[in-house]
Amino acid sequence: MNRVLTTVGDYAESPYYVDKVFVNVYSAEELCYVLYENAFILDQSILDKKLALWVDRELHLPDLARDLIVLANQNASPSAFVGTILTYVGFYSKNEISRVENILRMNVSMNVFEKWKAKADFLVENKHYALAIREYEKLLKVLPEDEQGLLSAIYNNMGITYMNLSLFDSAVKFFLASFDVDGNEDAYRHYLTVKRMSLRDDEYVRFIASRDDAYNLSIELESRMEELNQGFDKSDEAQALNELFALRSTGESAKYYEEIGKITEELKEDYRDIVLDSGQSESFTETFN
């Protein structure tokens with residue numbers, strides 16, 4: 001039986017800004033969603049009396065607000081604070097709430113550098129690539145020498161970030177740096193993926209033939225890419241592209257160029273977002289002290 005969801009409290013006229021994830025929320029359900037999806041980067045700062053006051057003033061949930069103020073005054077754990085919100089609103093199941101509480105309890109054992117990396121990882125996942133790169137770079141400047149595992153993970157994720165920006169030369173550099181730190185096989189696999197994407201077929205074959213250590217992983221990569229290609233061929237995106245190309249072949253050039261224009265504008269908008277992120281990144285202060 002499907003779960004029936006009901007709205008708890010009112011829709012806020014003024015939002016609450018969750019600074020950990022750079023987002024405004026307007027309802028109890030939105031707040032729950034943000035807390036649930038980003039539990040891995042939450043810390044003691046989530047015990048904010050301003051949040052409790054917002055819950056009372058904007059959502060008109062005085063009972064929940066009172067419980068949150070008590071927890072904040074007691075300097076309770078983030079798991080207790082977030083768990084109280086999730087349980088009261090009922091947006092998630094008991095098992096899902098337990099999962100979040102466990103994540104928050106685990107966060108206690110994370111050091112400042114791991115939390116900082118989690119913040120940058122979150123930016124990558126939400127396609128704020130320029131901001132993420134800036135955070136990784138700042139973290140690398142202060143990372144202790146004994147954090148070799150974390151160093152490898154940061155290099156690997158920087159490679160992924162640059163790959164998402166189609167900056168393949170930079171991506172290769174960081175994937176190899178990750179592999180050099182601790183033999184990270186995932187990073188080496190990503191390195192081969194970049195080479196596969198950036199080289200012509202004949203160039204890639206010569207590249208693989210020149211590296212004895214790449215052959216087995218290249219076979220695995222080709223199998224994976226074939227699966228992805230087959231999946232894409234069946235996707236809505238592939239169907240849309242086929243329909244677009246059909247317009248040109250049937251002489252409907254006006255409609256074809258109109259659709260191409262829309263796609264171009266979307267790409268320009270993505271580029272503007274990246275540039276905006278880059279310009280704004282200097283204004284962000286350190287989240288983890």
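The structure, a predicted model, holds 10 salt bridges. Three of them serve as stops on this tour, followed by the nonpolar core and the surroundings of one helix.

**Stop 1: K20 and D43**

Select K20, which is located in the loop between strand 1 and strand 2. Then add D43 to the selection: the two side chains meet in a salt bridge, with an N to O distance of 2.9 Å. This pair links distant parts of the chain, since D43 belongs to the loop between helix 1 (28-37) and helix 2 (49-57), whereas K20 belongs to the loop between strand 1 (16-18) and strand 2 (23-25), 23 residues apart. Are these partners buried or exposed? Both D43 and K20 are buried. For K20 the relative accessible area is 7%, which is under the 20% limit for a buried residue. The pair also appears as a polar contact between the side chains of K20 and D43, at 2.9 Å.

**Stop 2: D63 and R66**

Move next to helix 3 (residues 62-73) and display D63 and R66, which are 3 residues apart and therefore separated by about one helical turn. Their closest N and O atoms are 2.6 Å apart, in a salt bridge. Here R66 is partly exposed, with a relative accessible area of 49%, and D63 is likewise partly exposed, with a value of 39%.

**Stop 3: the group around D202**

Select R200 and D202. They form a salt bridge in which the closest N and O atoms are 3.3 Å apart. Extend the selection to E203 and R206: salt bridges that share partners join R200, D202, E203 and R206 into one network. Within this network, D202 counts as partly exposed, at 35% relative accessibility.

**Stop 4: the nonpolar core**

In soluble globular proteins, nonpolar side chains tend to be buried together. In this model, the largest nonpolar core has 70 residues. To locate it, select L51, W54, V55, F81, V82 and I85, the residues with the most contacts inside that core. Then centre the view on L51. Leaving aside residues up to four places away in sequence, L51 touches Y16, L31, I46, F81 and I85.

**Stop 5: helix 9**

Select residues 168-182, which make up helix 9. This helix has 15 residues and reaches 22 Å from its first C-alpha to its last, close to the 21 Å expected at 1.5 Å a residue. Which of its residues are buried? They are A171, V172, F174, F175 and S178. To see what covers these buried residues, display helix 8 (148-164) and helix 10 (185-198), which are included in the cover.

**Stop 6: G183 and N184**

Just after helix 9, select G183, which takes a positive phi of about 70°. Continue to N184, in the loop between helix 9 and helix 10. At 18% relative accessibility, N184 counts as buried, because the limit is under 20%.

Finally, show the neighbours of N184. Its side chain makes a polar contact with the side chain of S178, at 3.3 Å; S178 is one of the buried residues of helix 9. A polar atom of the N184 side chain also lies 3.0 Å from the backbone nitrogen of D186. Not counting residues up to four places away in sequence, N184 touches S152, N156, S178 and F179.

Definitions and conventions:
Residues numbered from 1 in each chain as written. Predicted model: local features only at pLDDT ≥ 70, side-chain atom pairs only at ≥ 80, totals over all residues. Heavy atoms only, no water. Salt bridge = Lys/Arg side-chain N within 4 Å of Asp/Glu carboxyl O. Helix = DSSP H or I, 4+ residues; strand = E, 2+ residues; numbered from the N terminus. Buried < 20%, exposed > 50% of the residue type's maximum accessible area, 1.4 Å probe, protein only. Core = buried A, V, L, I, M, F, W, Y, C linked by side-chain atoms within 4.5 Å. Contact = heavy atoms within 4.5 Å. Expected span 1.5 Å × (residues − 1). Polar contact = N/O pair within 3.5 Å; in protein donor to acceptor, adjacent residues only side chain to side chain.
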